[in-house]
Amino acid sequence: MTRTNRTLVIYAHPYTGSFNHAVLEATTTALDKANRPYDVIDLYADGFDPRYTVEELALFSDGGTLDPLVTRYQELIKGAARLIVITPIWWNDLPGMLKGFFDKVMKQKWAYDPTPSGVKGRLTHIEQMLVLTTSTSPTWYMRYLAGNAMGSVFLGATAKQLGIQRRRWINFGQVGKDGEAGDRRRADHLQKVGHLVAA
């Protein structure tokens, strides 16, 4: 795959008034200010269907697809050097929309090859993956008491198996906390997001 410096932002939240959307806006603003080229995949706005149909599954072994959005997303991934994933954590894990994105887009013989010793990733041109999440629970709870699905499974296994070497997860816990303290935390987090994205 061709070397590039583009960032691909993958956004998975249905509500434009959410804090996740504020994180998306902070991300694109920081990329604009830093003159970093980027593309955005907005899964809900695109009307992406995360379900694997029987017809789509029939093409699994060949890495084929019947979904034009899958083809478009694969082209965007090919042209990216960095992925930024912006998503809520629902029930301690990825939302179904985002899980379906990885199920349907990261095709065998396109994103990875099966080998006798496991999966060998093909997305080695992706130099970095930054995952920005929000959760109702505190971050320490997500990491240590809820199975650490983001750190251990999504980044520690899935992204690693795809061939992505540098992986980082930043969570904003207790997202629904109200009052001045909550407002300050949100403002501080958005500033942190801007610095991370522009680095």
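**Cores, a one-sided helix and selected residues in a predicted model**

Leu145 sits in the loop between helix H6 (139-144) and H7. The model described here is predicted. In this model Leu145 counts as exposed, because its relative accessibility is 57% and the exposed class begins over 50%. Gly118 is 27 residues from Leu145 in sequence. In space, the C-alpha atoms of Leu145 and Gly118 are 28 Å apart.

The UniProt record, an unreviewed entry, carries the annotation "domain: Flavodoxin-like fold" for residues 6-193. Across residues 6-193, helix accounts for 41% of the chain and strand for 22%. The end C-alpha atoms of this stretch are separated by 18 Å.

The largest nonpolar core holds 37 residues. Within this core, the residues that touch the most other members are Ile10, Leu43, Ile77, Leu98, Phe101, Met106 and Met129. Six elements are listed as giving two or more residues to it: strand S1 (6-11), helix H4 (68-78), strand S3 (80-88), helix H5 (96-105), strand S6 (128-134) and helix H7 (149-161). A second, separate core has 17 residues. Among them are Val9, Ala26, Leu130 and Val193.

Leu98 shows how the larger core is joined up in detail. Beyond its sequence neighbours up to four places away, Leu98 touches Ile10, Ala12, Leu43, Val85 and Thr87. Thr87 belongs to strand S3. Thr87 is buried, because its relative accessible area is 0% and burial requires a value under 20%. Outside the four places on either side in sequence, the contacts of Thr87 are Ala12, Asn20, Pro95, Leu98, Leu132, Thr133 and Thr134. Ala12 is thus in contact with Leu98 and with Thr87.

A further threonine, Thr7, lies in strand S1. Its relative accessible area is 0%, so Thr7 is buried. The side chain of Thr7 makes a polar contact of 3.2 Å with the side chain of Arg82. With residues up to four places away in sequence set aside, Thr7 touches Leu31, Arg36, Pro37, Tyr38, Asp39, Arg82 and Ile84. Arg82 is therefore listed both as a contact of Thr7 and as its side-chain polar partner.

Tyr38 is placed in strand S2 (residues 38-42). Tyr38 counts as partly exposed, because its relative accessibility is 22% and the buried class ends under 20%. Apart from neighbours within four places in sequence, Tyr38 is in contact with Arg6, Thr7, Thr28, Leu31 and Asp32. The side chains of Tyr38 and Asp32 also form a polar contact of 3.1 Å. Leu31 appears among the contacts of Tyr38 and among those of Thr7. Asp113 is 75 residues from Tyr38 along the chain, and the two C-alpha atoms are 28 Å apart.

Helix H8 (residues 179-198) has 20 residues. At 1.5 Å a residue, H8 should span 28 Å; the end C-alpha atoms are 29 Å apart, which agrees. The buried residues of H8 are Gly182, Arg186, His189, Val193, Gly194, Leu196 and Val197. These residues lie on the same side of H8, because they cover an arc of only 170° around the axis. An α-helix has 3.6 residues a turn, so residues three or four places apart point the same way. The buried residues of H8 pack against helix H1 (19-33), S3, S6 and strand S7 (166-172). The face of H8 turned away from this buried side carries the exposed residues Glu180, Asp188, Gln191 and His195. Val193, one of the buried residues of H8, is also a member of the second core.

Two loop residues have a notable backbone angle. Most residues other than glycine have a negative phi. Asn35 is not a glycine, yet its phi is positive, at about 55°. Asn35 lies in the loop between H1 and S2. Its relative accessibility is 69%, so Asn35 counts as exposed. Gln174 likewise has a positive phi, near 50°. Gln174 is located in the loop between S7 and H8. With a relative accessible area of 34%, Gln174 is partly exposed.

Conventions: Residues numbered from 1 in each chain as written. Predicted model: local features only at pLDDT ≥ 70, side-chain atom pairs only at ≥ 80, totals over all residues. Heavy atoms only, no water. Helix = DSSP H or I, 4+ residues; strand = E, 2+ residues; numbered from the N terminus. Buried < 20%, exposed > 50% of the residue type's maximum accessible area, 1.4 Å probe, protein only. Contact = heavy atoms within 4.5 Å. Polar contact = N/O pair within 3.5 Å; in protein donor to acceptor, adjacent residues only side chain to side chain. UniProt positions renumbered as here; feature names shortened; annotations may be inferred. Core = buried A, V, L, I, M, F, W, Y, C linked by side-chain atoms within 4.5 Å. Expected span 1.5 Å × (residues − 1). Arc of directions from axis to C-beta.
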